[in-house]
Amino acid sequence: MTAPLSNRSDATRLVTPTMLVLWLVLATVPVWISRAGLYPYLGIEILIWSLYALAFNLVLGTAGLPSFGHGAYFGIGAYAFGLCQFNVAANLWVCLTAAFVVAGLAGALVASFISHRRGIYYAFMTIAFGQIFWTLAIKLHTITGGEDGLLKIARLSVDIGVASFDLTGNVAFYYFVLIVFALAAIALWRLVHSPYGRVIAAIKQSETRAAHLGYNVWLYKASIFTLSAAISGLAGGLFAMAQLAAFPDVMSLHQSGYVVMMTLVGGGLVSFWGPVIGVFLFLIARDVIGALTNAWMLYFGLLFMAIVLFRPEGIAGAIMAALQNRSLNSVRQHGSSTMRLLFGGGRWR
């Protein structure tokens, strides 16, 4: 099924006008971010978390699968990057590939156990597996460094054969992450609007109908979860480079909850770019409101509650409705129906 807010002309393009505008705006961030009173490193965080949120939205927004332990794959990617750097090869491409593959394998393992479930039972099992991975990261001290984390991870240079680029500085690393984010976003956009993506959307609306049409629902659910975990791991590898370390905290339940909040507030249930909006609001609120009070999460939590209760289509949904002259009620109805599909949309099977 096609989402009611999708623009069919944009869906057929490899690069859309929205992407071009976004890339241009993001390319200027190092120029003005310090003048705006924000830390330059914040731009790197926004890009990495946006990639992570877009990957997460493959399961939540596109497939309608409530995964509340997704921080595990983000963290696995970070650890895989560091361990590969220390024990295999200190090569950027090899380490990023390791982050992608190892997190994808972990996602495939979990998907093989949970893909025959749905609704709240599916959500509970994602939490359980997420907590298992988090506990392993803490207990396997000789491998992961335990609660101290995996330290002294380096920002490896970009080696393209004829030239090599140093990523030690925040500006150089920002533009590298921007390129990775842009390429990943294009790939995810095409995936969501491909025949495969349309089958995933159909399964989100009704697993029973999709099965009656001859689709292997279990396989599609397992594959989209695995892909989401792998791309989350890629974001985790970039995060390990940014932080120069990998910590078990990013795998905890409350950290996994952050990406859920970002996605829902931004409007990931009805918009491809909703998670990016949510990431921007969350991290800006953390830095701006956090500078005034330690209780900044209280205010963002209140915003999250208000969005879920009164604007389930999220901020992106409201913006799209206004730009396309559509009824906000129809957008809100789509967001509400998606919420019901996620948390009460069907018996356990």
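**Exercise 1. Aromatic rings**

In this predicted model, ring pairs link Trp23, Phe181, Trp189, Phe272 and Trp273 into a cluster. Work out how many aromatic pairs the structure holds, and decide whether the pair formed by Phe282 and Trp296 is stacked, tilted or edge-to-face.

*Solution.* Begin with the total, which comes to 19 aromatic pairs in the structure. A pair of aromatic rings is described by the distance of the centres and the angle of the planes. For Phe282 and Trp296 the ring centres are 5.3 Å apart and the planes stand at 80°, and since planes over 60 degrees apart count as edge-to-face, that is the class of this pair. Next, place the two residues: Phe282 belongs to helix H14 (residues 274–288) and Trp296 to helix H15 (residues 296–310), so the pair ties together parts that are 14 residues apart in sequence. Finally, consider the accessibility of each partner: Phe282 is buried at 3% relative accessibility, and Trp296 is likewise counted as buried, at 14%.

**Exercise 2. Cysteines**

Determine how many disulfides the structure has, and explain why Cys84 is not bonded to Cys95.

*Solution.* A disulfide is a covalent bond between the sulfur atoms of two cysteines. The count of disulfides comes to zero. The cysteine sulfur closest to that of Cys84 belongs to Cys95 and lies 3.8 Å away, which is too far for a bond because a disulfide requires sulfur atoms within 2.5 Å. Taken from the other side, Cys95 is in no disulfide, and its nearest cysteine sulfur is that of Cys84. As for their surroundings, Cys84 is buried with a relative accessible area of 7%, while Cys95 is buried with a relative accessible area of 0%.

**Exercise 3. Helix H13 and Gln255**

Find how many of the 14 residues of H13 are buried, and then state which residues Gln255 touches beyond its near neighbours in sequence.

*Solution.* First take the dimensions: H13 has 14 residues and reaches 20 Å from its first C-alpha to its last, close to the 20 Å expected at 1.5 Å a residue. Then count the burial: eleven of the 14 residues are buried, so H13 is largely enclosed by the rest of the structure. Among the buried residues of H13 are Tyr258, Met261, Met262 and Leu264. Gln255 is found in this helix, which covers residues 253–266, and Gln255 has a relative accessible area of 17%, so it counts as buried, the cut-off being under 20%. Leaving aside residues up to four places away in sequence, Gln255 touches Trp49, Asp249 and Val250. To finish, look just after H13, where Gly267 takes a positive phi of about 105°.

**Exercise 4. Ile120**

State in which helix Ile120 lies, and whether Ile120 is buried, partly exposed or exposed.

*Solution.* Ile120 has its place in helix H7 (residues 119–139). With a relative accessible area of 33%, Ile120 is partly exposed. A C-alpha distance completes the description: Ile120 and Ser67 are 53 residues apart along the chain, and their C-alpha atoms are separated by 9.7 Å.

**Exercise 5. Confidence**

Establish what pLDDT the chain averages, and what the pLDDT is over residues 1–6 and residues 345–349.

*Solution.* The chain averages a pLDDT of 88, and 90% of the residues score at least 70. Over residues 1–6 the pLDDT is below 50, although this stretch has twelve contacts in the model beyond near neighbours in sequence. Over residues 345–349 the pLDDT is also below 50, and that stretch has nine such contacts. Where pLDDT is low, the predicted coordinates should not be read in detail.

How values were computed: Residues numbered from 1 in each chain as written. Predicted model: local features only at pLDDT ≥ 70, side-chain atom pairs only at ≥ 80, totals over all residues. Heavy atoms only, no water. Helix = DSSP H or I, 4+ residues; strand = E, 2+ residues; numbered from the N terminus. Buried < 20%, exposed > 50% of the residue type's maximum accessible area, 1.4 Å probe, protein only. Contact = heavy atoms within 4.5 Å. pLDDT = per-residue confidence, 0-100. Phe/Tyr/Trp six-rings, centres within 6.5 Å; stacked < 30°, edge-to-face > 60°. Expected span 1.5 Å × (residues − 1).
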